[in-house]
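Subject: the model, and what I found in it

Hi,

Here is the structure I said I'd pass on. Have a look at it first, then read my notes underneath.

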Amino acid sequence: MSQRKNDDWMGTPLPRKEDRRLLTGKGKYVSDIVIPGALHAVFVRSEYAHAKILSIDTSEAEELAGIERIYTGDQIKHLIKSMPQPIVQPALPAHYPTFWPLAVDKVTFHGEPVALVVARDKYVAEDAAELVFVDYEELEPVLDPEEALKPESAIIHEKDGTNEIFSMTFTGGDTEASQAENAAEVEKIFQNAPIVVKDRFKTHRTGVTPMEPRAILCDWDDSDGLLAYITTQRPHIDRLALSDILDISAEKVQVIAPRDQGGGFGVKAPFYRENIIIAHAARDLKQPVRWVESRYESLMNVGQERDQINDMEIAADLEGNMLALRNFGLADNGVGTTGVYWGFVMPFLGAIELPNGYKWPKADIRLKVATTNKACLTPSRAFGHFPTRFAIERCIDMVAHKIGMEPSTFRRRNLVADLPYTSITNEYFDSGDFLKVWDTLMEKANLPDFRVQQKNALSEGKYIGIGFGCGVELSGVASELFVPMENQPGYGAATVRLDPRGKVQVFGGDAPGGQGHETTTAQVVASEFGISPEDVIITTGNTGSTPFGSGSVGARMGSYFISAVAEACRELKTKIAKFLAHDLQLEASVEHFEFKNGEVVYLGDDSQRSSFMSIVERIIMFPINMPEGETGGLDATTFFEAAKPMICFNADCCVVEVSLETGDFKILKWITAEDVGNVINPLIVNGQMHGAIVQGISNTVFEEFVYDEKGQQLTADFEHYKMANAADVPNIDLNYATTPCPHTPLGTRGIGEGRPSSVPGALTNAVCDALKPFGIEITTLPLRPDAIWQKIQDATQ
Amino acid sequence: MQAVKSRMLRPAHIIDLQALSELKFVTSEKGLLTVGAMTRYVDIVSSDSIPLELIALKDAASRVGDRQVRNRGTIGGSLCWNYSAACTPVTVLALDGAMNLISPDGSTRQVAADDFFLGPLETARNEFEILLSVDFKLRGSKSGSAYKKWGLVTDALPVIGIAACLHFDNTDCCDYARITLTGLSGAQRCLEAEASLLSTTANTEEIAEAMMIVCSKIPTYTDSMATADYRYQLIKTIGLEVIEIAKKRAFGLG
Amino acid sequence: MAKVAIDINGRLFQEEVPERMLLVDFIRERAHLTGTHIGCTYEGVCGACTVHLDGEAVKSCMLLAAQADEHKITTVEGLAPDGELTPLQEAFKSEHGLQCGFCTAGILMNMTDFLKRYPNPSEQEIRKGLIGNLCRCTGYVHIINAVRKVVQENQLRKT
């Protein structure tokens, strides 16, 4: 009996199907799409962080030739429903501020949309935007989250009566009584623990802004309704939101996220107010309307995350066992007026993920989220848990130092060893072997050897250090978390459609931005059916043709979507096998056939076979002489929900050299160990890891969104918001220590989303390790030479 | 161009000088290096005509922006714009360049660097003058120069940039020193520091002392790129490095 | 308004344009070549708009269309006009040197010029050569690998 092999394409580093068009300039991003007659929109945005709008004078602007319309908040507030709307509102208890797509009565952050100019020429639209004169009465801006929560603070959203948009306790059960009891127990542990470390960990405002800014192109037809091309990770949600808010019956709204998007990283996952007003303008003017965001607008409005204070304490014993964890988190939410996430959902998830992969016997974890006059937090890769990961990975090192133990040994001792496991915040870790990953890392890191090198270096007056970090990351988001968190389902959905020529079309409702889904999907389908990836075409992100998908978020591809694809393929294979068995008069079902090399072969007698194409054609085109109870056609739509929420795990080690003179540091080595489950395309997985780690480094060191004391944004261009360039970052030594996921049909895991989170801890730990002779502990980001140098000065004075 | 696109500048007309190939040259003769105003950074970096003693010009030109910028940006453009944190003005000031300007009536005048750079975005060029070229007098042997900067990312605009030009006499004593600084408020001379190096051999201690003098005379500030104290530290460390390189080069060692 | 005649990828585009029209807008809107992208506003830092002006890599968002009058522009569409990918494009494909592709055209144009001028660069020189192109997706690692692959292939061809 021949070996059944249907994994020809699994694990293959297949060059991507996407590449040819992207390499030859034939990609079609939203801003490349042309609808003849499209008008151009430019936003007038607030110059102040907090101010009343006294009046808006558009008369001079309207006089320019080619101006079609200028919208203001006062005009449209009677025409467009305000937010919040249920479709983009989490099922979490919070204050959801009322807002329209253009500011009404007042502005609440520097850069908030105030008016919209729509013109025939995009340069003229810019000219006109300058001529819109807004009369403001400045109000005192609220810029500090701790100040914002004080009773004497001005309230930003007056209707809500508070600047505390959200707060929650994540441990000790659901009632106040049980939480108080838990807090008391935790306090007792801290009272008695031999080792306690307490510190304040601050992460700055930064995020993963993609290279392609946002854009939307809307077309309106009185019969067909609204067609919107949007740079979005979640077209199906955008469609429902536009339908609800603009009162357009859902069947008349189509949203298309083009197959080419210039990165998302979470920044294109919220439902943005600009989409609402552009769609409204198209309907109002009965002309296509186009808005392409400038980088200036982008840096002022989106991509800002991670802004958080964590007051953290860890209790441990002298043998190196973690006893308890206590954390009070305070997130600076900005104004909170962005749909789906409202800013606070990120720190919410960050608090859930705070315990990381360690066994905490007890914990008291709380979070408050404060509204301030800054741009609303928007998701960034390592959604919500970059700050908490930094805090815990740093605090763990500080505890290890106090015990007198190697931080890596301290970690290993306390890593969860037996999965499945439910964390102290009720996060479910479905599968994986954390110790195998850790040991793989440690072997590569060769710590004993490094300690010798470090000693030698020190004798030469050189300061090198090694730092570790790790992260349990989401592999997709199960409905049981997704529904309360974002009022959306977590299932993956795929339609697999065979055609009479044996080619395959796949339809998926999520909308990737560079992760190579076309190729990965084609490899899986090709493996399942024994055909070539060239024979497989995927359509993504078009609400008119794809099943519902909550979006390309949370590492849903390798976890949920590809699983739905595999199951849909297997459903069709079952049907194909049934037909073939019937036609060949065999008592056989799908496990008796092999799909390989474009053929379907009976394993009991390989003379009994058919070409894949002819049996497929037979089922679709010639549905006569049928097996019992069967119909023609080969089309399957599958919804995949995993049995339990799933995770993946990774660990980082980095080696740095620090200059005492300047506080500058150089990353000498970056080594990783990854459990990514079964790998479909190693090229793509490697690329995901590199990108995530460099984003983590860039966020940790270079990037910072800065507001001055009046709430003015000082980082609205790339001259001021500094992103790492190629000369700033190291090569990365990736290593894999995988455990197939038992809950997905292919054993794959969703990867890449949370990956940046272990980077800030690992890097800062390395710098602190290098400066150990001075007893320096860094607890504030960004990790900058001037701050490091100052710490050295303070320690040596 | 950044200023035009951001609408900070709103010129009624823009005249592109790229067709004036006669302004694009690097010539060295009779103890004088002359660089045409329209000479691009990439041309300066690849020029064989720049003598070793003026190599600071290459230090600066090779790290402005990125290679796309260097294919396009010119020495004249940078000098006339005189941005507060730019590599070329501070280097030309250290090298005591002399700007050759022409008026609409054809008359020309020369303005020494010390008189040309007036303050950030301000030069002595009159509204209707065009910069033709920059002259650099060669001092001959035992002259050396260097430029270095620090920014948050590689080759970023200088938070602190320092240029130095030194000459040593036949007793190996420094008899000429120009030390310039940029990043705080445009290209400026560090006169007291220069004076402190004269008649010394410019050893490490003497250089360190000179940079301490610079710090005592110049106010710094804190922003998100660096604290005020750190800027002083940068002045000290970059200053030491630059002057030592200039000295090494003066003695044919660097 | 100004009359300009710009050769893009061997085709002459004669258009009347507002004097202030940026070259990148001319390329995208008048020549309908959308492979060249806009990734920043006025700062000219991201490099996604990089093209060749008379064979040298420049940022087209920092030039007026009028400045390219009577000059030759090459865009990413002009690298492989007959459909056969250049060795650099092939290397990007085999080394997975692109993900979302938004920065890619600019990198290809920059590196094509770079390798012509410096056929045997070190890794550090390649990294410095890429300072004018920001990439968010790849972390630059595979991009460097792709460029090095072409350098190695060229060196092999020489021996």
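Below are my notes on the chain contacts, a helix pair, the core and a sheet.

Some housekeeping: this is a predicted model, where local features need pLDDT of at least 70 and side-chain atom pairs count only at pLDDT 80 or more, while totals for chains, interfaces and linings use all residues. Residues are numbered from 1 along each chain as its sequence is written, with chains lettered from A and ligands numbered from 1 in the order in which they are written.

Chain contacts

Chain C puts 44 residues into its contact with chain A, which supplies 45 residues (in contact means C-beta atoms, placed from the backbone, within 7 Å). On the chain C side, α2 (87-94), α3 (104-117), α4 (123-129) and α5 (141-158) each give at least two residues; the largest share, 4 residues, is from α2(C). Helices are DSSP runs of H or I, at least four residues, and strands are runs of E, at least two, numbered from the N terminus. That side of chain C splits into 23 nonpolar, 14 polar and 7 charged residues. Here Ala, Val, Leu, Ile, Met, Phe, Trp, Tyr, Cys and Pro are nonpolar, Asp, Glu, Lys and Arg are charged, and the others, Gly among them, are polar.

Between chains A and B, the contact takes 13 residues from chain A and 11 residues from chain B. The chain A side has 5 nonpolar, 3 polar and 5 charged residues.

A helix pair in chain A

Helix α11 (residues 386-403) and helix α20 (residues 759-770) of chain A have axes that come within 8 Å and cross at roughly 35 degrees. Axes are lines fitted to C-alpha atoms over the stretch in contact, with angles from 0 to 180 degrees between N-to-C directions. Residues meeting there include F386(A) and R389(A) from α11(A), and P760(A) and G761(A) from α20(A).

The core, from chain A's side

V565(A) touches A494(A), V496(A), V506(A), T521(A), V524(A) and V525(A), leaving out residues up to four places away in sequence.

A sheet in chain B

Four strands make an open, antiparallel sheet in the order β8-β9-β10-β11 (chain B); strands pair if DSSP finds at least two bridges between them. At the edges are β8 (143-150) and β11 (188-189) of chain B, each pairing on one side only. Strands β9 (residues 160-168) and β10 (residues 174-182) of chain B pair over 8 bridges, and I162(B) has L181(B) in β10(B) as its bridge partner.

Cheers

Methods. Two residues are in contact if their C-beta atoms, placed from the backbone, lie within 7 Å.
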